[in-house]
Protein chains: 2
Amino acid sequence: MTSTFAVLADPSRREILDLLRERERPVGDLVDRLTLTQPTVSKHLRVLREAGLVEVRTDAQKRWYRVSPGPLAEIDAWLAPYRRMWEKSLDALERRLDEIEGD
Amino acid sequence: MTSTFAVLADPSRREILDLLRERERPVGDLVDRLTLTQPTVSKHLRVLREAGLVEVRTDAQKRWYRVSPGPLAEIDAWLAPYRRMWEKSLDALERRLDEIEGD
DNA sequence: TGCCTATATGCCGATCGGGCTATATTGCTG
DNA sequence: CAGCAATATAGCCCGATCGGCATATAGGCA
């Protein structure tokens, strides 16, 4: 899990994940949508793959990548004990907004 | 938000946060519980502070640190759209386990 | 003031990571 | 098989970062 945070620390990789979240895509499609060279994108995909965050399907020369969300669930689990801390703050914020809207 | 992931990428910093989640602590207390020198811990605390993940309270020479969960909520928000993906997988897994147990 | 405690900062060495270019690999097609 | 398309790998450079040691700063106390 240690490495999942490290993998997500890079903005390009999060952008790749966000693109793949919409739909499965081949590498060239990602290259077209990012301002990175093809080798750089392939390198990021390798990192994501080794972290279990994406999976590949081969179709002739194309490799279709898709999100594999397992490791994200682990991050969610790490966050869980903190969640009540900010929910408490948000509740207070909501109450204040309600008061303002009530005016 | 980009930097929150980077800040959490370091295991020592996550360990510090986990310790502070239990209770507010002075620096020396953290040093006692980690295998890091005091300057290294102070350095991590500075990073956490600048990322808005902890807050400090001064009490004579002691500085009491506590968690400030705001940035964690942003991470949670980034995760949100992925959540249904793994929930779907977990549901499928549960169904399969149910089938097996049904045998 | 001088000393002690608690914490922060500066600096260095080593390592890591992201980007690039060049090249290898794989699969299709003529 | 030759050649093209799609992707992966290798090698390199540079900047960032983590850890430690030495030292500075700040507050309390004799």
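# Exercises on a two-chain protein model with DNA strands

In chain A, helix α2 (residues 11-22) and helix α4 (residues 38-50) have axes that come within 10 Å and cross at roughly 80°. The model is predicted, so that local features need pLDDT of at least 70 and side-chain atom pairs count only at pLDDT 80 or more, while totals for chains, interfaces and linings use all residues. Residues are numbered from 1 along each chain as its sequence is written, chains are lettered from A and ligands numbered from 1 in written order, and side-chain values use heavy atoms, with hydrogens and water left out.

**Exercise 1.** Classify the arrangement of α2(A) and α4(A), and list the residues through which they meet.

Step one is to fix the terms: helices (H or I, at least four residues) and strands (E, at least two) are DSSP runs numbered from the N terminus, and axes are lines fitted to C-alpha atoms, for helices over the stretch in contact, with angles from 0 to 180 degrees between N-to-C directions. Angles under 35 degrees count as roughly parallel, over 145 as roughly antiparallel, 65 to 115 as roughly perpendicular and the rest as oblique. The two helices of chain A are therefore roughly perpendicular to each other.

Step two concerns contact, meaning heavy atoms within 4.5 Å. On the α2(A) side stand S12(A), R13(A), I16(A) and L17(A), and these meet V41(A), H44(A), L45(A), V47(A) and L48(A) of α4(A). By class, six of the contact residues are nonpolar, two polar and one charged, where Ala, Val, Leu, Ile, Met, Phe, Trp, Tyr, Cys and Pro count as nonpolar, Asp, Glu, Lys and Arg as charged, and the others, Gly among them, as polar.

**Exercise 2.** Work out how chain A is related to chain B.

Begin with the superposition, done by least squares on the C-alpha atoms of residues with pLDDT of at least 70 in both copies. A rotation of 180° with 0.0 Å of shift along its axis places chain A on chain B, with an RMSD of 0.1 Å. The two copies are thus related as by a two-fold rotation axis. The same surface serves both, since 100% of the contact residues of chain A recur in chain B.

**Exercise 3.** Describe the protein surface near DNA strand C, and say which element gives the most to it.

First, a residue is near a strand if one of its heavy atoms lies within 4 Å of it. Of the 23 residues around DNA strand C, R13(A), K43(A), H44(A), Q38(B) and Y65(B) come nearest. Next, α4(B) gives the most to this surface, with five residues, and by class the surface has seven nonpolar, nine polar and seven charged residues.

Finally, consider polar contacts (pairs of N or O atoms within 3.5 Å; within protein, one must be able to donate a hydrogen and the other to accept it, and residues adjacent in sequence count only if both atoms are side-chain atoms). An N or O atom in the side chain of K43(A) is 2.6 Å from a base oxygen of DNA strand C, whereas for K43(B) the partner is a base nitrogen at 3.1 Å. A polar side-chain atom of T37(A) lies 3.0 Å from a phosphate oxygen of this strand.

**Exercise 4.** Identify the residues closest to DNA strand D, and examine the polar contacts with its phosphates.

Among the 22 residues that surround DNA strand D, the closest are Q38(A), Y65(A), R13(B), K43(B) and H44(B). A polar side-chain atom of H44(B) lies 2.4 Å from a phosphate oxygen of the strand, and a backbone N or O atom of V27(A) lies 3.2 Å from a phosphate oxygen.
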